[in-house]
Amino acid sequence: MEKYVPNIFFALILIAGIGYFVMNVRKLIRNIKLGKDIDRTDRKPERWKNMAKIALGQYKMVRRPVSGILHIVVYVGFILINIEMLEIVIDGLFGTHRVFQPILGDTIYGFLIGNFEVLAALVFVAVIIFWLRRNIQRVKRFWSKEMTSWPKNDGNIILYFEMVLMSLFLIMNATDVNFQEAGAGNVVSQFIAPWFSSFSHEELHTIEKTAWWLHIVGILIFLNYLYYSKHLHILLAFPNTFFAKLDPKGQLDNLEAVTNEVKMMMDPDADPYAMPEEGAEDEVPAKFGASDVTDLNWVQLMNAYTCTECGRCTSSCPANLTGKELSPRKIMMDTRDRLEEVGKNIDANGGEFKDDGKQLLNDYISPEELWACTSCNACVQECPIGIDPLSIIMEMRRYLVMEESAAPQELNMMMTNIENNGAPWQYSQMDRLNWKDE
Amino acid sequence: MNVSTMADMMAQGKQPEVLFWVGAAGSYDDRAKKITKAFVKILDMAGVDFAVLGTEESSTGDAAKRAGNEFLFQMQAMTNIEVLNAYEVKTIVTCDPHSFNTIKNEYPGLGGKYKVYHHTQYISKLIQDGRLSIDDTNLKGKRVTYHDPCYLGRANDVYETPRQLINRLGVKMTEMKRNKSTALCCGAGGAQMFKEPEKGDMDINVLRTEDALETNPQIIATGCPYCNTMMTDGVKFKLKEDQVVVKDIAELIAEANNL
Ligand code: SF4
Ligand code: SF4
């Protein structure tokens, strides 16, 4: 019986690790579903193509070549090395050791592990460079105002995780005496093995086992860290690019609720004093635009969870570059923070949101930020995973104007002019053609 | 200038090949009116049978929509669509990328479906159809840089057409460090044109003008009346108005062809 203790222990932490992760994924989905409905299921072939190109192919990452290429190394490395997880899980559950080695034979097994080792070393180097860029070179976009202590730590914690995981993988291989003796696949670890040459076989075995355990436990912790981190993008980048907007970037949606009202107003046959039909008021939306996360649609909320806080958007935002308060990255981070707050509120109140006197507008995002946007789409263009910060800004402006009449004074004048004389300035519509005779 | 309105055309029982949507800036703003006239001259030279709405044209509602006033936008849009549809307009050309974007992308959902061209696209088509050619001697060798209007570039992915036209002028074109999809906004879009900027350390148009001036140009070319205003102000702010002019591509073509 005692023989099975490690297997049982392994099964338990595996179940706990995956179980907690599943619980958080459910919470994540519930929170995203707090958003309004929007249909993004049309033009499927185009959507699959976008996902393949942008999420899988990382096609937009290389717009910035240095970080782009390093990121591809880490990404490919991370995915491929995790294939090794399959063996680890089987070994852990059944008490085997390198179960695939005899099945695949030394050549194939060695080839696979050899590649994993090379990748692990590359990932390690790339992650070190990332760390240097963040902390020594201090690339500006990682030091903006919204990069307060947690976002900054989060970025580094992930890097440490990857360094440790990669090291453990290599140490585990380096201290596996049989594996080193077989000499198939120890491409990198053979250079690490001599560091341990003073240890006895027994000790080496202990080190190997410890590295093995720490590696699997580390991966499970990492998996569960995702939900609290910007690293969620490694999962959400896929649905996020699939459901991203396909229309031209300049195209803003036309609010349907407004269309119905405008049509009624413009219809000469409509009776302005007519009583609304029974039940008709249910169809009128509670409000136009967005003042809180639940007024946004679910794609916008998913965007917020997907944001990697890379700051590519902010570093190309004309408003931010000229010292304005607006930062599209902050818009996404605020949306996520507020959504998390709403989610926790729901959890604490037995599944029902209890008014906390707060909202996304003002408590997180100020009108000053919103009014600084030129709608230039640079943020949308730069985002490597198809996030649309502009759509949230516009939705909140709609709320400010249509619900609160809180536009800046000059904009109110502009709108009054359009209403009265069909131009943003105070010129008579009757003078529209004067230019031809001037 | 001889410009027919749709109402004139209708009275004569005629349908022009294209409607020229002049836009608010092109109708009222002194600088932008010059662009309007340059484009009319080009249309005349190519023998295009066009008309304008004149006093029946009204704001597309772009600025209102981007300011957040969806009501006003849709009122404007539906009024315009009613007029356009009553005249059975099929094809529209405009010198204003904002009107271009709104009519092309946002009007169809409200019942206004037209073939919409930005004037650089239309001019390019006229050349392809053999109806227009550009004289490449008048501006030969001039140093030119091109500022991408956001609503033409990123918003609608039109990057090459304006550049091809500039290259036909025989000029020496130099790209700014931020160009095409990475171009910096001039600062006018999203209704910013009509308000003071929020507080910050500089104005966007100045930053963008600095990008342009780095290429040491004689001419900053663009394709939007609002960008034109912003860049012109930027050049003035930088005290460079003696050395650098801001011109619309239509104006450059008119100049090259001695129109
Ligand atoms: S669209 Fe607005 S938020 Fe996005 S980059 Fe342009 S100005 Fe900044
Ligand atoms: S929105 Fe996109 S570009 Fe901006 S920080 Fe998030 S992931 Fe980066």
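In this predicted model, Y122(B) touches E17(B), V18(B), F39(B), L43(B), V48(B), V93(B) and Y117(B), when residues up to four places away in sequence are not counted. Y122(B) also ranks with L411(A), M414(A), F20(B), F39(B) and F50(B) among the residues that have the most contacts inside the largest nonpolar core, a set of 148 residues.

**Nonpolar cores**
- Helix 18 of chain A, which spans residues 389-403, gives the most to this largest core, contributing nine residues.
- Apart from the largest core lies another one of 42 residues, including F78(A), A174(A), V177(A) and Y225(A).
- In soluble globular proteins, nonpolar side chains tend to be buried together.

**A lysine in a loop**
- K60(A) is found in the loop that runs between helix 2 (44-56) and helix 3 (65-81) of chain A, and K60(A) counts as buried because its relative accessible area is 13%, which falls under 20%.
- Beyond its neighbours within four places in sequence, K60(A) is in contact with I54(A), R312(A), V380(A), Q381(A), C383(A) and P384(A).
- A polar atom of the K60(A) side chain lies 3.2 Å from the backbone oxygen of C383(A).

**Cavities**
- Nine cavities of 30 Å³ or more are found in a search of the whole structure, and the largest has a volume of about 200 Å³.
- The largest cavity is lined by 23 residues, of which T60(B), D62(B), A63(B), D96(B) and Y226(B) are the closest to its centre.
- Helix 2 (23-28), helix 4 (62-66) and helix 6 (97-106) of chain B each supply at least two residues of this lining, whose residues divide into 10 nonpolar, nine polar and four charged.

Technical notes. Residues are numbered from 1 along each chain as its sequence is written. Chains are lettered from A and ligands numbered from 1 in the order in which they are written. This is a predicted model: local features need pLDDT of at least 70, side-chain atom pairs count only at pLDDT 80 or more; totals for chains, interfaces and linings use all residues. Side-chain values use heavy atoms; hydrogens and water are left out. A nonpolar core is a set of buried Ala, Val, Leu, Ile, Met, Phe, Trp, Tyr and Cys residues joined through side-chain atoms within 4.5 Å. Buried means under 20% relative accessible area, exposed over 50%, partly exposed in between (1.4 Å probe, protein chains only). Helices (H or I, at least four residues) and strands (E, at least two) are DSSP runs, numbered from the N terminus. Contact means heavy atoms within 4.5 Å. A polar contact is a pair of N or O atoms within 3.5 Å; within protein, one must be able to donate a hydrogen and the other to accept it, and residues adjacent in sequence count only if both atoms are side-chain atoms. On a 1 Å grid over the protein atoms alone, a cavity is a set of points where a 1.4 Å probe fits but cannot get out, and a pocket is an open set with protein on both sides within 12 Å along at least five of seven lines; lining residues have an atom within 4 Å of a point. Grid points are joined across faces, edges and corners, and a volume is the space filled by probe spheres set on the points. Ala, Val, Leu, Ile, Met, Phe, Trp, Tyr, Cys and Pro count as nonpolar, Asp, Glu, Lys and Arg as charged, and the others, Gly among them, as polar.
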